[in-house]
Amino acid sequence: MHAMVLRQLGQPLEWSELPDRQPGPGEIRVQVKACGVCRTDLHVVDGELPHPKVPIIPGHEIVGRIDAIGAGVVDLSLGQRVGIPWLGHTCGVCPYCRLQHENLCDQPVFTGYTRDGGFATAAIADARFAFPLGEPLDEHSSDESMAPLLCAGLIGWRALSIAGDGKNLGLYGFGASAHILAQVARWQGRSVFAFTRPGERKTQDFARSLGATWAGGSDEMPPQRLDAAIIFATVGELVPLALKAVRKGGRVVCAGIHMSDIPGFPYSLLWEERQLLSVANLTREDGLNFLSKVRHMGVTTKTTSYPLQHANEALVDLRAGRFEGAAVLIP
């Protein structure tokens, strides 16, 4: 197998030839057909997440086909198309797992962070955390199109459920997650207000093309109060701005795994029962729920593809915001 390996934090990934790996009990091996490039991959490469496993193969938005099955796996079959998400394993015995909050597991394993991921031609995964994807029906359900749904879509879906049922929804940072979630929210009958970096007219136009009611810079106030806001950008300074934009009793949800420090702000921004929450990982139930509905929602992902060997270029372009939607590596 071949892979792009992170051997030292803060350094480019290295193209490497590795021995083929065999799945152990309860595991599967997938031949990777597409793997999305997520901002969390940047956090892994930059060493911004605690206790990284290095060397590591990043990548946790994996679409592939099973080509080997370990002992004890009964619900999956050879040749089946599956998706492998960020949450790769949970202990099943800690208080959070027992209370159906496996996203908060005390001893989790994360794909592409503490377990090798999908920036490779093949990947090993816990069969219990593989989502059956079915066969592609059209270009919108192709391997490349489905890959961003495995994290950008899933974390957006969980963030939306935490944000509540309010009609006016603000999305701060209009990248991979927001461009998927905007379509979901519009399908639900909500009004979407998109916030981008100041002056990013092209991205604002992109948001409007996906049905956003309004699009502007993150330094602007929306034309009306928001019921909820979801912050996908990793900029802590956006939190007070979002709190200012939501109505009394409104919610601000921080959807990233990493964010710069939140600056001090007056209590008046939080008062009147506004709520500030965060999203951590996902549950398998989230994944099954979202993936069973996404085709009916008419969601289409905008992707920019790169050969696997060009993973470093994709990461640089993601950091610089050089594309709309999501980047996807193709082995």
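How far apart are the end C-alpha atoms of helix α8, and what should its 14 residues span? I began with this question, keeping in mind that what I have in front of me is a predicted model.

**Entry on the length of α8.** I looked up helix α8, which runs over residues 284–297, and reckoned that at 1.5 Å a residue its 14 residues should span 20 Å. I then looked up its end C-alpha atoms and found them 20 Å apart, which agrees with the expected span. Just after the helix I noted G298, whose phi is positive, near 75°.

**Entry on what is buried in α8.** I went through the helix for buried residues and wrote down D286, G287, F290, L291, V294 and M297. When I asked what covers these buried residues, I found that the cover includes β9 (131–132), α3 (143–146), α4 (152–163) and α5 (176–187).

**Entry on α4 against α8.** I next turned to the packing of α4 with α8, where the angle is about 100° and the axes are 10 Å apart. Because angles of 65 to 115 degrees count as roughly perpendicular, I recorded α4 as roughly perpendicular to α8. By class, I found four nonpolar, three polar and three charged residues in the contact of α4 with α8. On the α4 side I listed G153, L154, W157 and R158, which meet D286, G287, N289, F290, K293 and M297 in α8.

**Entry on S161.** I stayed in helix α4 to look at S161, where a polar atom of the side chain lies 2.7 Å from the backbone oxygen of R158. I also noted that S161 and L181 are 20 residues apart along the chain, while their C-alpha atoms are separated by 11 Å.

Definitions and conventions: Residues are numbered from 1 along each chain as its sequence is written. This is a predicted model: local features need pLDDT of at least 70, side-chain atom pairs count only at pLDDT 80 or more; totals for chains, interfaces and linings use all residues. Side-chain values use heavy atoms; hydrogens and water are left out. Helices (H or I, at least four residues) and strands (E, at least two) are DSSP runs, numbered from the N terminus. The expected span of a helix is 1.5 Å times one less than its number of residues. Buried means under 20% relative accessible area, exposed over 50%, partly exposed in between (1.4 Å probe, protein chains only). Contact means heavy atoms within 4.5 Å. Axes are lines fitted to C-alpha atoms, for helices over the stretch in contact, and angles run from 0 to 180 degrees between N-to-C directions. Angles under 35 degrees count as roughly parallel, over 145 as roughly antiparallel, 65 to 115 as roughly perpendicular and the rest as oblique. Ala, Val, Leu, Ile, Met, Phe, Trp, Tyr, Cys and Pro count as nonpolar, Asp, Glu, Lys and Arg as charged, and the others, Gly among them, as polar. A polar contact is a pair of N or O atoms within 3.5 Å; within protein, one must be able to donate a hydrogen and the other to accept it, and residues adjacent in sequence count only if both atoms are side-chain atoms.
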